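Student: Hey, can we go through this one together? I'd like to start with the pocket.
Tutor: Sure, let's pull it up.
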Amino acid sequence: MRHGLGMCFNWKVVATLAVAGALVFLVAPVVALAALPVLLLAVCPLSMLLMGVFAPFAGNLADRFGTARTVGAGGALYVAGMLMMATAAEGVMLTVGNVLSGIGMAAAGFGPILGAIGRQTPAASRSSALGVATAGGSFGQFAIVPFASILQNSFDNWHSTMFV
C-alpha cells in the first residue's frame, strides 16, 4: 500500500504536464514576437496548472488561517494578476500576471469555498449544498463568455476587456 503523495499523483500525468509546461515556455517567446494576444493563449494554461499545484497549499492555509482570509488574499492576488495582464505590453508581464492569477484562483477557488460549505452544512444536506455551490460556480464560468464577447466587440481591445 502506498502512502503520502504517491497515492495522489500518477507519474505519467505529472510527466505529461511537465512536458506541456516546458513546451509552453519554449514556444511562448517565439509567439510573443508575433502578437501579444497569441501569447495570452500560450501562457493561460500556466495559470490553470498553478491553480492545480497550489490548491492543496491553499486548503492548508484555509485550515490554518481561516477561509475568509485565504479567499480574500487569493482574490487580491487574482485581481492583481488580471490587472497585470490587462496592462501587459510584453511577455514577462503577461506571464507574471498569469502566475499571480493562478495562485489567486487556487486560494479563492472551489477548494476553500467547498471546505467551508462542507463544515457549515449538516451531514444530511451536505451533498446537495456542495452540488448547488459547484453548479453555481460552473454556471458563472459559462455565463461570463457571452458577456466577455460583447465587451470584446464593444471595446475592440482585449486590454480594455481584461480591465472589466
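Tutor: Start with the lining of the largest pocket: by class, it has 24 nonpolar, eleven polar and no charged residues. Keep in mind that this is a predicted model.

Student: OK. What volume does the largest pocket have?
Tutor: About 1300 Å³.

Student: And how many residues line the largest pocket, and which lie nearest its centre?
Tutor: The lining has 35 residues. Nearest the centre are Tyr 78, Met 82, Met 105, Gln 141 and Ile 144.

Student: Which elements give two or more residues to that lining?
Tutor: Six helices are on the list: H2 (36–65), H3, H4 (91–108), H5, H6 (126–155) and H7 (158–163).

Student: Which one gives the most?
Tutor: H6 does, with ten residues.

Student: Switching to helix packing. How do people describe two packed helices?
Tutor: With the angle between their axes and the distance between the axes.

Student: Let's try H3 and H4 then. What are the angle and the distance between the axes?
Tutor: The angle is about 160°, and the axes of H3 and H4 are 7 Å apart. The two helices are therefore roughly antiparallel to each other.

Student: Is that crossing left-handed or right-handed?
Tutor: H3 and H4 cross in a left-handed way.

Student: Which residues meet there?
Tutor: It's a long list, so here is part of it. From H3, the residues include Gly 74, Gly 75, Tyr 78 and Gly 81. From H4, they include Gly 97, Leu 100, Gly 104 and Met 105. By class, the contact of H3 with H4 has 14 nonpolar, eight polar and no charged residues.

Student: Tyr 78 and Met 105 sound familiar. Where did they come up before?
Tutor: In the largest pocket, where both are among the residues nearest its centre.

Student: What about H3 and H5? What's the angle there?
Tutor: H3 (67–86) and H5 (110–120) pack at about 160°, with axes 10 Å apart. That makes H3 roughly antiparallel to H5. The crossing of H3 with H5 is left-handed.

Student: Who touches whom in that pair?
Tutor: On the H3 side, Thr 67, Thr 70 and Val 71. On the H5 side, Pro 112, Ile 113, Ala 116 and Arg 119. The classes are four nonpolar, two polar and one charged.

Student: Last pair: H5 and H6. How do their axes cross?
Tutor: At roughly 150°, and they come within 9 Å.

Student: Why does 150° count as roughly antiparallel?
Tutor: Because angles over 145 degrees count that way, H5 is roughly antiparallel to H6. H5 passes H6 in a right-handed crossing.

Student: And which residues make the contact?
Tutor: H5 brings Phe 110, Leu 114, Ile 117 and Gly 118. H6 brings several, among them Arg 126, Ala 133, Gly 137 and Gln 141. The contact of H5 with H6 divides into six nonpolar, five polar and one charged.

Note on methods: Residues numbered from 1 in each chain as written. Predicted model: local features only at pLDDT ≥ 70, side-chain atom pairs only at ≥ 80, totals over all residues. Heavy atoms only, no water. Axes fitted to C-alpha atoms, helices over the stretch in contact; angles between N-to-C directions. Helix = DSSP H or I, 4+ residues; strand = E, 2+ residues; numbered from the N terminus. Parallel < 35°, antiparallel > 145°, perpendicular 65-115°, else oblique. Left-handed = near helix turned anticlockwise from the far one by under 90°. Contact = heavy atoms within 4.5 Å. Nonpolar A, V, L, I, M, F, W, Y, C, P; charged D, E, K, R; others polar. 1 Å grid on protein atoms, 1.4 Å probe; cavity = no way out; pocket = protein on both sides within 12 Å on 5 of 7 lines; lining within 4 Å. Points joined across faces, edges and corners; volume = space filled by probe spheres on them.
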